Amino acid sequence: QVQLAESGGGLVQSGGSLRLSCTASRFVLDYYHIAWFRQAPGKEREGVSCRLSNDGSTYYADSVKGRFTISRNNAKNTVDLQMNSLKPEDTGFYYCAARPQDYSGSWYPLSQSAYNSWGQGTQVTVSS
């Protein structure tokens with residue numbers, strides 16, 4: 001397992017924006033796929049977005065397509081999740097997760113079972 005640290009959560013009004021950051025070592029960002037998940041109260045954790053370390057491909061849940069953007073910031077050693085046009089239903093605890101690039105077998109980028117390292121999470125609250 002590797003160390004991940006989320007930051008950037010907070011309280012925002014509906015329609016606003018937040019930028020979450022997942023901080024990890026340069027090695028982790030080079031060789032681990034990074035994903036963002038969220039969990040709302042009383043609901044299961046769901047995949048939000050993923051960025052593959054080998055080619056930079058990105059994946060998004062349908063519910064956030066066009067509003068969220070995942071990207072890597074080499075200067076800060078982070079993978080960021082820019083969240084725009086936020087809705088109350090985006091409220092939840094947001095986690096970043098990592099999966100080694102060289103793991104074999106089929107896997108789905110937005111499935112939590114694909115990842116073996118998790119951060120502590122950061123709270124995002126969107127008020128209506």
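**Strand E7 and the chain around it**

Trainee: Along strand E7 (residues 68-73), which side chains point to one face and are buried?

Mentor: In a regular strand the side chains alternate between the two faces of the sheet. E7 shows this alternation: Thr69, Ser71 and Asn73 point to one face and are not buried, where buried means under 20% relative accessible area with a 1.4 Å probe, protein chains only. The side chains that point to the other face and are buried are Phe68, Ile70 and Arg72.

Trainee: What kind of model is this, and how are its residues numbered?

Mentor: Residues are numbered from 1 along each chain as its sequence is written, and side-chain values use heavy atoms, without hydrogens and water. Local features need pLDDT of at least 70, side-chain atom pairs count only at pLDDT 80 or more, totals for chains, interfaces and linings use all residues, and the model is predicted.

Trainee: In which sense do E7 and strand E8 pair, and which residue in E8 does Arg72 stand opposite?

Mentor: Strands are DSSP runs of at least two residues (E), helices runs of at least four (H or I), numbered from the N terminus. Two strands pair if DSSP finds at least two bridges between them. E7 and E8 (residues 78-83) have six bridges, and their sense is antiparallel. Opposite Arg72 stands Val79.

Trainee: Which residue in the turn of this hairpin has a positive phi?

Mentor: Four residues lie between E7 and E8 in the hairpin. The phi in question is about 55°, and the residue is Asn77.

Trainee: How many helices and strands does the chain have?

Mentor: The elements run β-β-β-α-β-β-β-β-β-β-β-β from the N terminus. The total is therefore one helix and eleven strands.

Trainee: What share of the chain is buried?

Mentor: The chain has 128 residues. Of these, buried residues make up 46%.

Conventions. Buried < 20%, exposed > 50% of the residue type's maximum accessible area, 1.4 Å probe, protein only.
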